[in-house]
Amino acid sequence: RTVYVNGEYLPETEAKISIFDRGFLMADGVYEVTSVIGGKLVDFEGHSARLQRSLNELDMANPVTMDELLAIHRALIEKNQLDEGGIYLQITRGAPADRDFAFPDPDETPSSLVLFTQVKNLVNALAAQKGIKVISIDDLRWTRRDIKTVQLLYPSMGKMMAAKAGADDAWMVEDGKVTEGTSNNAYIVKGGKIITRKLSNDILAGITRAAVLRLAKEAQMVVEERSFSIEEAQEADEAFVTSATTFVFPVVEIDGKAIGSGEVGSVASRLREIYIEESLKTAL
Ligand code: PMP
């Protein structure tokens, strides 16, 4: 694979970042994952807008312009002949001369920028046909989950807890209500209504969430933005998750209890179809 590191395109084995990089030492960085279908980017505009917001919230500089960022994405797709998968982008607060809690002067220490491609079956993902099983766990993350930082230790632990329990993923719960999945937004369907937590600092504003809710409303489906508990989810007709690299995955089991019929639900399937159709049309 050819990867991008601070202005250079290099074979992945030759790409290097300093051991003093604050991403490495302090998880002082933000990221985005943009999916690619048919060699084109899905909702690059949404991802770049959220990236800028994450950077602003952390007072971190973007080392390139958004136009340059788009050109780098396109160059990596081209160099790696990527047809379907994702592009991972990370900006960290660079590598000062020594380790220090205080932010370095941005004029002396520029941010680091890294991008690489990942091949993955998105449209024909197995989980879309089978659905996924989730467990619930306490949400032990910090409370600025609206910023897409690279602090992913707890979500990683959540995926490990899920695997240990024979499940595919975990939904996190705070004050008795589901916040989100370890790497996706969480939804239930009840009486035809699509229910998902409203945006706040408690969850990440998913780019896929925004698109799916817009498409649902355009298709005359009813959307209710509010919190729900695991117990309510277990009694729902359907449940599902959304993210850039899963699109829409049905959830067929929560903490060992089958949801609805225990089969993939019709609302989740329809939303997945509409979302893919729209993405194929609008990818750039
Ligand atoms: N919540 C969390 C915690 C995530 O990590 C992700 C994936 N980045 C999402 C939600 C979904 O966001 P998106 O649709 O932009 O991928």
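Two strands are said to pair if DSSP finds at least two bridges between them, and the helices (H or I, at least four residues) and strands (E, at least two) named here are DSSP runs, numbered from the N terminus. By that rule strand 1 (residues 2-5) and strand 6 (residues 112-119) are joined by 2 bridges and run antiparallel, with Val 5 standing opposite Val 114 in strand 6. The structure is a predicted model, in which local features need pLDDT of at least 70 and side-chain atom pairs count only at pLDDT 80 or more, while totals for chains, interfaces and linings use all residues. Residues are numbered from 1 along each chain as its sequence is written.

## Sheets and strand pairs

Strands 1 and 6 belong to an open sheet of 6 strands, in the order 2-1-6-5-3-4, with antiparallel pairing. Strand 2 (8-11) and strand 4 (40-41) stand at its edges, and because each has a single partner strand, one side of each is left without a neighbour in the sheet. Strands of a sheet pair through backbone hydrogen bonds, either parallel or antiparallel.

Further along the chain, strand 7 (residues 132-138) and strand 8 (residues 169-174) pair in the parallel sense over 5 bridges. Between these two strands the chain passes through helix 5 (residues 153-164), and this β-α-β crossover is right-handed, a term that applies if, with the strands pointing away from the viewer, the path from the first strand over the helix to the second runs clockwise. Val 134 has Asp 169 in strand 8 as its bridge partner.

The antiparallel pairs in this later part of the chain are set out below.

| Strands | Bridges | Opposed residues |
|---|---|---|
| Strand 8 and strand 9 (177-181) | 3 | Glu 174 and Lys 177 |
| Strand 10 and strand 13 | 5 | Asn 185 and Thr 242 |
| Strand 13 and strand 14 | 5 | Thr 242 and Val 248 |

## Two residues with positive phi

Most residues other than glycine have a negative phi, and most peptide bonds are trans. Asp 175 has a positive phi of about 50° although it is not a glycine, and its place is in the loop between strand 8 and strand 9, whose hairpin has 2 residues between the strands. Phe 247 likewise is not a glycine and has a positive phi, of about 60°, but its place is in strand 14. As for their surroundings, a residue is buried if 20 or more other C-beta atoms lie within 10 Å of its own, exposed if 12 or fewer, and partly exposed in between, with C-beta atoms placed from the backbone. Asp 175 counts as exposed because it has 9 C-beta neighbours inside 10 Å, whereas Phe 247 counts as buried because it has 24.

## The nonpolar cores

A nonpolar core is a set of buried Ala, Val, Leu, Ile, Met, Phe, Trp, Tyr and Cys residues joined through C-beta atoms within 7 Å. The largest has 39 residues, and those with the most contacts inside it are Val 134, Ile 188, Ala 239, Phe 240 and Val 251. Among the elements that give two or more residues to this core are strand 7, strand 8, strand 10 (185-190), strand 13 and helix 8 (266-282), and strand 14 gives the most, with 6 residues. Apart from it lies another core, of 11 residues, among them Val 36, Leu 76, Leu 82 and Ile 87.

Strand 13 is mostly covered, with 6 of its 6 residues buried: Glu 238, Phe 240 and Thr 242 point one way, and Ala 239, Val 241 and Ser 243 the other way. Two residues are in contact if their C-beta atoms, placed from the backbone, lie within 7 Å; not counting residues up to four places away in sequence, Ala 239 touches Tyr 187, Ile 188, Ala 233, Val 251, Ile 254 and Ile 259.

Val 189 has its place in strand 10 and is buried, with 24 other C-beta atoms within 10 Å. With the four-place limit applied again, its contacts include Ile 194, Ala 236 and Val 267.

## Around the ligand

A residue is near a molecule if its C-beta atom, placed from the backbone, lies within 6 Å of it. The residues surrounding the ligand include Glu 180, Asn 185, Arg 209 and Thr 242. Helix 6 (207-218) and strand 13 (238-243) each supply at least two residues of this shell, and the largest share, 3 residues, comes from helix 6. By class the shell has 3 nonpolar, 7 polar and 2 charged residues, where Ala, Val, Leu, Ile, Met, Phe, Trp, Tyr, Cys and Pro count as nonpolar, Asp, Glu, Lys and Arg as charged, and the others, Gly among them, as polar.
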